[in-house]
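Biologist: Please take one part of this model and go through it with me slowly. I would like to understand how that part sits among its surroundings.

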Amino acid sequence: MRIFDDTMSLLEKALDLRGSRHQVISANIANEETPGYRAKELRFLDALTSASRGKGGVALRVTDVRHLGPRGDGAIDRVGGKITDVPAGDLPLDGNSVNLELEMAKLSDNAMHYSSATSIVAQRYRQLLSVIRDSR
Amino acid sequence: MDLTDSVAISVSALDAQRRRLDVIASNLANAQSTRTEGKGPYRRREVVFRSTPVIPKFQKAIRHAMASGANKGFVGVQVAGIIEDHKPGKSVYDPHHPDADAQGMVHMPNVNVMEEMVNMISASRAYEANVQAIGAQRAMWNRALDIGR
């Protein structure tokens, strides 16, 4: 049995990506009044879900050790997330597509997901600790 | 991990919004100034924002060493410049005013106090939003530190 299973690497990756997403949201809030700025979004949930289900997007068969690409173990580690422009409908005159209310909602949503992931990680460590202690 | 970058981004916005508030304060203070160092009444000023990459020097050095390149899309904001508004100001009939012209008209600054107040609220709300972003970042850091407890 592996102590650090897929759950751990999934949570680790989720924390990493949530940290990056926070950065993207901060940039949107900072540029709330910059003319011509387009709001950006970091998308990773679909990629992370399929990686955790073992699909890893497109699974490539490996016939050589030097082959690159998502496959088998560690597919989760390779999820990077994608930065895209938020589709903007009618732009105001200054061409800025940041919706401050939406960004603030995303900010707290992201922070809450981050917190829940850290709680689960901490819980897992406590489980391990109690297993180690009780075996004595 | 690049958590400090988001604080740098928010701080750049705090700085920019504070400078905007400085300019608004100057406009409000000079709403009645009919004389300036140049000539004529005060002209209202306005800041122009520009998005700019903000990467702390230390991180820049590390990234350069790791050759991973700077992240695209993560940009802060800076004040690109302060421009003067050239729209005409009001003229008020006040023949006893020392700056009145031959017709008794005084040229007043082109500052609209209501407009400045609206800008002021907008700037302080934007400032608050960025403070919130830093607060959320701090909460995330604290949660991450709690993992080991």
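Modeller: Let's start with a term: a residue is buried if 20 or more other C-beta atoms lie within 10 Å of its own, exposed if 12 or fewer, and partly exposed in between, with C-beta atoms placed from the backbone. This is a predicted model, in which local features need pLDDT of at least 70 and side-chain atom pairs count only at pLDDT 80 or more, while totals for chains, interfaces and linings use all residues. Residues are numbered from 1 along each chain as its sequence is written, and chains are lettered from A and ligands numbered from 1 in the order in which they are written.

The part I suggest is helix α1 of chain B, which covers residues 3–29. Helices (H or I, at least four residues) and strands (E, at least two) are DSSP runs, numbered from the N terminus. B:Asp5 has its place in this helix, and it counts as buried because 24 C-beta neighbours lie inside 10 Å. B:Val54 is 49 residues away from B:Asp5 along the chain, yet their C-alpha atoms are separated by 7.5 Å.

Further along we meet B:Ala13. Two residues are in contact if their C-beta atoms, placed from the backbone, lie within 7 Å. Setting aside neighbours within four places in sequence, B:Ala13 is in contact with A:Ile29 and A:Ala30 in the other chain, and with B:Gly76, B:Val77 and B:Asn130 in its own.

B:Leu14 also belongs to this helix. It counts as partly exposed because it has 19 C-beta neighbours inside 10 Å. Beyond four places in sequence, its contacts are B:Tyr127 and B:Asn130. From B:Leu14 to B:Val77 is 63 residues in sequence but 9.1 Å in space, C-alpha to C-alpha.

B:Asn130 lies in α3(B) and is buried there, along with residues including B:Ala126, B:Ala129 and B:Ala133. The expected span of a helix is 1.5 Å times one less than its number of residues. For α3 of chain B (residues 113–146), the 34 residues should therefore span 50 Å, and the end C-alpha atoms are 49 Å apart, which agrees.

Now for the surroundings that our helix shares with chain A. In total, 30 residues of chain B are in contact with 29 residues of chain A. On the chain B side, α1, β1 (45–53), β2 (75–84) and α3 each supply at least two of the residues that touch chain A. The largest share of that side, 12 residues, comes from α3(B). By type, the side divides into 16 nonpolar, 9 polar and 5 charged residues; Ala, Val, Leu, Ile, Met, Phe, Trp, Tyr, Cys and Pro count as nonpolar, Asp, Glu, Lys and Arg as charged, and the others, Gly among them, as polar.

The helix also takes part in a core. A nonpolar core is a set of buried Ala, Val, Leu, Ile, Met, Phe, Trp, Tyr and Cys residues joined through C-beta atoms within 7 Å. The largest one has 36 residues, and those with the most contacts inside it are A:Ala27, A:Ile29, A:Ala30, B:Ile9 and B:Ala13. Two or more residues each come from α1 (6–30), α2 and α3 of chain A, and from α1, β1, β2 and α3 of chain B. Within this core, α1(A) gives the largest share, 8 residues. In soluble globular proteins, nonpolar side chains tend to be buried together.

Across in chain A, the buried residues of α3(A) pack against α1 of chain A together with α3 of chain B. Among these buried residues are A:Leu107, A:Tyr114 and A:Val121. The 35 residues of α3(A) should span 51 Å, and the end C-alpha atoms are indeed 51 Å apart.

To place all this in the whole, chain B has 3 helices and 4 strands, in the order α-β-α-β-β-β-α from the N terminus. Chain A has 3 helices and 2 strands, and reads α-β-α-β-α. Buried residues make up 23% of the 149 residues in chain B, while 31% of the 136 residues of chain A count as buried.

One last word on confidence: pLDDT is the predictor's confidence in each residue, from 0 to 100. Chain A averages 83, and 83% of its residues score at least 70. Where pLDDT is low, the predicted coordinates should not be read in detail.
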